[in-house]
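Thanks for coming. I will go through the disulfide and the pockets; please have the structure open.

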Amino acid sequence: QVQLVESGGGLVQAGGSLRLSCAASRLTFRNYAIGWFRQAPGKAREFVGRILWSGSSTVYADSVKGRFTISRDDAKNTVYLQMNSLNSEDTAVYYCAAPVRTNSELGVTYWGRGTQVTVSS
């Protein structure tokens, strides 16, 4: 059974940084585009970014562009989401997903359980 497990969430002050990790079991990350989504209280889940299966090309939502960076370590079967300059609007549960072929949930087969990120102002 494929499992995606996120970690690294927590409470951070506005302007601070966090790094989330997504580790996979029974799924070879290098064969997939891996993405991050988030869901804030009372809002729909939204696309954050994704890293493609070939090379390290990345795509980001406009709301996080320039502040968030996705990277992958295929040897560790892990994808990271580095989040800088956090603000209160980044407060959400963050989910790892695969495969993420578009900037949406369309076609996503696997989801992690999510990790909470709370930004205090």
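A disulfide here is a pair of cysteine sulfur atoms within 2.5 Å. This is a predicted model, where local features need pLDDT of at least 70 and side-chain atom pairs count only at pLDDT 80 or more, while totals for chains, interfaces and linings use all residues. Residues are numbered from 1 along each chain as its sequence is written, and side-chain values use heavy atoms, with hydrogens and water left out.

Searching the whole structure gives one disulfide. C22 and C96 form it, with sulfur atoms 2.0 Å apart. The torsion about their S-S bond is about -75 degrees, so the disulfide is left-handed. C22 sits in strand β3 (residues 18-25) and C96 in strand β9 (residues 92-98), so the pair ties together parts 74 residues apart in sequence. Strands are DSSP runs of E, at least two residues, numbered from the N terminus. Both cysteines, C22 and C96, are buried, meaning under 20% relative accessible area with a 1.4 Å probe, protein chains only.

Now the pockets. A pocket is an open set of points on a 1 Å grid over the protein atoms alone, where a 1.4 Å probe fits, with protein on both sides within 12 Å along at least five of seven lines; lining residues have an atom within 4 Å of a point. The largest has a volume of about 200 Å³, the volume being the space filled by probe spheres set on the points. Its lining includes R38, E46 and D90.

The second largest pocket holds about 160 Å³. Strand β1 (residues 3-7) gives the largest share of that lining, four residues. W111 and R113 are also among the lining residues.

Technical notes. Buried < 20%, exposed > 50% of the residue type's maximum accessible area, 1.4 Å probe, protein only.
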